[in-house]
Amino acid sequence: MSAFEYVALDVAGRTKEGVISAADEAAARKLLQRRRLAPVRLAPLAAAREQPQAVQRRDRLSRRSLALVTRQIATLAAVAPLEEALRTVAAQSERPAMRRVLFAVHGGVVGGQRLSDAMARSGESFPPLYRALVAAGEASGALPAILERLADQLENEQQVRGKVISALVYPLVLAAVALLVVAALMTFVVPRVVDQFDTIGQELPLLTRIVIALSDFLQVAGLPLIGAAILGGVAFARALRVDSFRLRVDQAVAALPVVGRLVRALHAANLARTLATMMTSGLPVLEGLLITARTVRNQVLKQATEAMAAAIREGGSLSGAMRRTNAFPPLLVYMTASGENSGRLELMLSRAADYLEREFDTATAVALSLLEPLIIVIMGGVVAAIVLSILLPILQINTLAFS
């Protein structure tokens, strides 16, 4: 089979462009005629254009790029053939890695593969859950609608992540600057002041002695501490790849008063949104849970999702499985049970996801708004203690001089 690029006229006289697969040019013309299209131009699709470069191992779409590509394909696939939509999106991509991935998918579709199969052969750019939803959309004939919902879900995830990152930028910069100021004071200012106090021979205040001891310690062990912190961070990141260690860390995070509740709410919202999308596309809930479990990084929530899948496989209800795991907010369990009883499970899952996402946004905004003044108070207290440790000996000397 070869690919041919065509320009043709339909029965209404409108111009149609696209790519068609056929054994040869004559077969391609006959295929166009059966589609009631009159070919104006028909030419072989150049291999370099179909897939300019092979997909390299490092080529991978980021979450932001995946959301953008999904939205573009969904928009174009609603008004044009899928292969034409893929070719258009790939051609206008500015990043070489994205262009290689999209042209590889386009080449697979032109070669007769389903979109989900072509995505599976393009590295790790398209997650298993994403491909499963695309496959369900192809099977049900609602691929453009599924792509629209996927784009909405990915854009919503990017929006939540962007809010958290933008809210964290200022507190993190503030904390970094404050730490640099304290380090400069302890490393350069305090030692010079100490040299002046050494000539007095007077016993220094307790606070001053503590600050001087810390300054001496940082001058000697400052660089080794930084190196140890870097090595510790690298070792911790590698240890997180071990499931047993990751499980203990996730259990500790889940036990935290505020952070644990936020993590649980965010995962619950993603699960509810994903299950609602699956039900729309006709994908079974059990299959969706099994695929979702493979994509969850939090080991506590992953085990809960797997336990839900096992309970449903044995004939249990979705709400009952959620309740037994004790890992999901009561609101989601209640709304899931209401949806099952009323036969409107998809709607109730979507509403639960909306509510949990709003709750996450509100709680995150409040927590981050409290973080900024907390950092200011803590670092202000540290700087005040350093300054006071310098002023106390001076005041002591003045008192002795006038007494």
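This is a guided tour of the structure above, stop by stop, with what to select at each one. The model is predicted.

**Stop 1: the ends of helix 1**

Select D24 and helix 1, residues 25–34. D24 caps the N-terminal end of this helix. Look for a side-chain oxygen of D24 at 3.3 Å from the backbone nitrogen of A26.

Now move past the helix to R36. This residue follows helix 1 and sits in the loop between helix 1 and strand 3 (38–44). R36 is not a glycine, yet its phi is positive, about 65 degrees. Is R36 buried or exposed? R36 has a relative accessible area of 59%. The cut-off for exposed is over 50%, so R36 counts as exposed.

**Stop 2: strand 3**

Stay in this part of the chain and select V40, which lies in strand 3. V40 is exposed, at 57% relative accessibility. Next, add V7, A8 and L9 to the selection. V40 is in contact with these three, leaving aside its neighbours within four places in sequence. Draw a C-alpha to C-alpha distance from V40 to L9. The value is 7.1 Å, for two residues that are 31 apart in sequence.

**Stop 3: T70 in helix 3**

Jump to helix 3, residues 63–77, and pick T70. T70 is buried, with a relative accessible area of 0%. Where does its side chain reach? The T70 side chain comes to 2.6 Å from the backbone oxygen of L66.

Show what surrounds T70. Beyond four places in sequence, its contacts are Y130, L147, L150, A151 and L154. For a distance across the fold, take A136. Its C-alpha atom is 16 Å from that of T70, with the two positions 66 residues apart along the chain.

**Stop 4: two aromatic pairs**

Keep Y130 from the T70 contacts. How many aromatic pairs does a search of the whole structure find? There are two.

- Select F126 and Y130. Their ring centres are 5.7 Å apart and their planes meet at 40 degrees, so this pair is tilted. F126 is buried at 2% relative accessible area. Y130 is buried too, at 4%.
- Select F236 and F245. This pair is edge-to-face, with 5.7 Å centre to centre and 80 degrees between the planes. F236 is partly exposed, with a relative accessible area of 40%. F245 is also partly exposed, at 23%.

**Stop 5: the second largest pocket**

Turn on a surface and go to the second largest pocket. Its space is about 310 Å³. Which helices each supply at least two lining residues? They are helix 8 (143–198) and helix 9 (206–239). Helix 9 gives the largest share, eight residues.

To colour the lining, select L179, V182, A183 and T187, together with L218, Q219, V220, G222, L223, P224, L225 and I226. By class, nine of the lining residues are nonpolar and three are polar. None is charged.

**Stop 6: D250 in helix 10**

Select D250, in helix 10 (residues 243–254). Is this aspartate buried or exposed? D250 is buried, with a relative accessible area of 6%. Show R297, N298, Q299 and V300 as sticks. These are the contacts of D250 once its neighbours within four places in sequence are set aside.

**Stop 7: T305 in helix 13**

Move on to helix 13, residues 299–313, and select T305. T305 is buried, at 0% relative accessible area. What does T305 touch, not counting residues up to four places away in sequence? Add H267, L289, A293 and F328 to see these contacts.

**Stop 8: N326, the last loop**

Finish at N326. This residue lies in the loop between helix 14 (318–325) and helix 15 (330–342). Check the backbone here: N326 has a positive phi of about 55 degrees although it is not a glycine. N326 is exposed, at 65% relative accessibility. For a companion view, go back to R36, another non-glycine residue with a positive phi.

Methods: Residues numbered from 1 in each chain as written. Predicted model: local features only at pLDDT ≥ 70, side-chain atom pairs only at ≥ 80, totals over all residues. Heavy atoms only, no water. Polar contact = N/O pair within 3.5 Å; in protein donor to acceptor, adjacent residues only side chain to side chain. Helix = DSSP H or I, 4+ residues; strand = E, 2+ residues; numbered from the N terminus. Phe/Tyr/Trp six-rings, centres within 6.5 Å; stacked < 30°, edge-to-face > 60°. Buried < 20%, exposed > 50% of the residue type's maximum accessible area, 1.4 Å probe, protein only. 1 Å grid on protein atoms, 1.4 Å probe; cavity = no way out; pocket = protein on both sides within 12 Å on 5 of 7 lines; lining within 4 Å. Points joined across faces, edges and corners; volume = space filled by probe spheres on them. Nonpolar A, V, L, I, M, F, W, Y, C, P; charged D, E, K, R; others polar. Contact = heavy atoms within 4.5 Å.
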